[in-house]
Amino acid sequence: MTVARQIEVTLAVGQQKELPAAPPTTAGGAGREMHAILEIGVHSHGGPPLAATAGRGAGPALAEVLIVDTSRSMLHPAAKLHAAKDATVAAVRLLPDGTAFAVLSGRFDATVVHPGPGRAPMAVAGPAERDAAERAVRILDADGGTAIGTWLDLARRLLKQQSAPVKHVLLLTDGRNEHDHRAAMALQTALDACEGRFVCDAWGIGDDWDAELLLRITRRLHGRAGAVRDASELTATYEELMEGLLGTAVPELRIRLTPTPGTVIRRVTQVVPGEQELTAVPSGSGGRGTEYVTRAWGDEVRHFQAVLSADPTGRETGEDLQLAAVEVVVPDFGRPVRLPPPRPVLVRWTDNPLDASRQHPGVRRHELYQQASAAVAEAYRAWLRDADGRAAADRALTRALALAGELGDAQLLGALRRIEDRGDGSGTGRVRPGLKDVDWQHLILSSAMTTPPEPPAAGPPPATPPGAGPAAEGGPDPGGLIECPDCGWLGPADSLYCGGDCGRPLRGTPT
């Protein structure tokens, strides 16, 4: 009998604590906002993934709905529909026995491909059901239009009765939701109904999908957006997506912020691995706290930005004062989880304008990503104007390249260089002639992905206390500890920011 190892959740709060005690000189009081970076990690320490428990007496861990776009455009060329069938079958083959699943066909409306009429709403994975699902998928044809809201709403209704802790939808489309106005349920209405019900990854195929549409869906439904450049890549992509999903360690994690009197929580936003504003829900503890729900964690680290505001009137300057407490809460899902202790978000009111002007590097990095994404959007809009927008597109692309360089983001730089006219190979900063619209859609998706600062390429490894174990060659030992040189805080070796009172960056070069 395999005993599940305890999952560990880590929390560090990074911030620049000083804020100006003097009244702000601009309207809105932006100078009184405290921006803190919350670095949260989930570490399963080699224990079995949650999906491995499916069908072992505790009930299935995963309920999966696969949505295939079968609108008429999927036949132009027919390779798109063939690839969609192959990829869907490959995903079904990876589902563990006992997993509840369904396959949907999406057109003007949505229909259940498997299980068929007269069956339970969702099938239970096993050899016979997987074979039956493949037969149903193989005979799919394409016709009609695209109305994604109805597809998501049917998935919601199917998943509504499922008790699995991980509910997931994988949606594939080649279009732009052009028939939303004729749909039984508009996309916005469907997103409102589906938010919090399941996680949705949305993928594009072909040359006419819409990056902003995919991002709109996945940002509301806590998933990832992506696309394949060639239809032949879709099966491998689906297999990778399913392997990641089956590696889920924690189905839901909540960030609880409890403000002190006089402090107001403005917003909490995920900033790594992609921007996603989180919706506030009342705290389950019944106190003053507010919780922000995040979903489907594997072994990974995510960064969140919390923005708080407070009034310095009557407060001492030069002293650390607590604005809020940050906790991580994981609802019971049948696996042992070790949670970190609460951490404070602090403020130090100051009359020194230099201290008050400093910005935490994690906050600055998020701003750079926002600027780069805006520059990409501006370049695309200018490109759509053909010759009239050529100069503006070049200027915006040059700005995006500079921002990607400042971020040190190799993935974003590579995506931008696909758009750039490389000239003699050194780059010109101008938009390459002969681009298609789909080239820009891929770039828009790439500009929505964010990364934390890279560890330094050279130099001594981070200091570790005696007995903590050496850092692995070329990077920190993920099983060891790191010590903050300023305040002595000890934490996981892969932490980017100190989880103690100083919140300083531990690795990488501040931007």
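Helix α3 passes helix α4 in a left-handed crossing. In this predicted model, α3 covers residues 148-159 and α4 covers residues 187-194, and the two pack with their axes 8 Å apart at an angle of about 20°. Angles under 35 degrees count as roughly parallel, and α3 and α4 are therefore roughly parallel to each other. On the α3 side the contact is made by I148, G149, L152, D153 and R156, which meet L187, A190, L191, A193 and C194 of α4. By class, the residues of this contact between α3 and α4 are seven nonpolar, one polar and two charged.

A second helix pair is formed by α10 and α11, whose axes lie 9 Å apart and whose packing angle is about 165°. Angles over 145 degrees count as roughly antiparallel, which makes α10 roughly antiparallel to α11. The crossing of α10 and α11 is left-handed. Here Q411, L412, A415, L416 and I419 of α10 meet a set in α11 made up of D439, W440, L443, S446 and S447. The contact of α10 with α11 holds six nonpolar residues, three polar ones and one charged one.

The third pair is found earlier in the chain, where helix α1 spans residues 79-94 and helix α2 spans residues 127-138. Their axes come within 10 Å and cross at roughly 170°. By the angle criterion, α1 and α2 are therefore roughly antiparallel to each other. From α1, the residues K85, D86, T88, V89, V92 and R93 take part, and they meet R130, D131, A133, E134, V137 and R138 in α2. In this contact of α1 with α2, seven residues are charged, four are nonpolar and one is polar.

The open space comes next. The largest pocket has a volume of about 1200 Å³. Its lining consists of 41 residues, and those nearest the centre of the pocket are D201, W203, G223, R224 and A225. Several elements supply at least two residues each to this lining. The strands among them are β9 (199-204), β10 (225-227), β15 (290-297) and β16 (300-309), and the helices are α5 (211-220), α6 (234-246), α10 (410-419) and α11 (437-447). The helices α10 and α11, described above as a packed pair, thus also appear in the lining of the largest pocket. The greatest contribution to that lining comes from α6, with five residues. Sorted by class, the pocket lining has 16 polar, 14 nonpolar and 11 charged residues.

Enclosed space is also present: the structure holds five cavities of 30 Å³ or more. The largest cavity contains about 80 Å³ of space. Its lining is made of 13 residues, with V271, V272, G362, R365 and H366 lying nearest the centre of the cavity. Two elements give two or more residues to this lining, namely β12 (264-272) and α8 (361-383). Of the elements, α8 gives the most, with four residues. The lining of the largest cavity divides into seven nonpolar residues, five polar residues and one charged residue.

Some backbone details remain. V272, one of the residues nearest the centre of the largest cavity, is joined to P273 by a cis peptide bond with omega near 15°. P273 sits in the loop between β12 and β13 (276-277), and β12 is also one of the elements that line the largest cavity. Another cis peptide bond runs from H76 to P77, with omega near 0°. P77 is in the loop between β4 (62-69) and α1, and α1 is the helix that packs against α2. The loop between β3 (33-43) and β4 contains H45. Although H45 is not a glycine, H45 has a positive phi of about 55°.

Key
Residues are numbered from 1 along each chain as its sequence is written. This is a predicted model: local features need pLDDT of at least 70, side-chain atom pairs count only at pLDDT 80 or more; totals for chains, interfaces and linings use all residues. Side-chain values use heavy atoms; hydrogens and water are left out. On a 1 Å grid over the protein atoms alone, a cavity is a set of points where a 1.4 Å probe fits but cannot get out, and a pocket is an open set with protein on both sides within 12 Å along at least five of seven lines; lining residues have an atom within 4 Å of a point. Grid points are joined across faces, edges and corners, and a volume is the space filled by probe spheres set on the points. Ala, Val, Leu, Ile, Met, Phe, Trp, Tyr, Cys and Pro count as nonpolar, Asp, Glu, Lys and Arg as charged, and the others, Gly among them, as polar. Axes are lines fitted to C-alpha atoms, for helices over the stretch in contact, and angles run from 0 to 180 degrees between N-to-C directions. Angles under 35 degrees count as roughly parallel, over 145 as roughly antiparallel, 65 to 115 as roughly perpendicular and the rest as oblique. A crossing is left-handed if the near helix is turned anticlockwise from the far one by less than a right angle, and right-handed if clockwise. Contact means heavy atoms within 4.5 Å.
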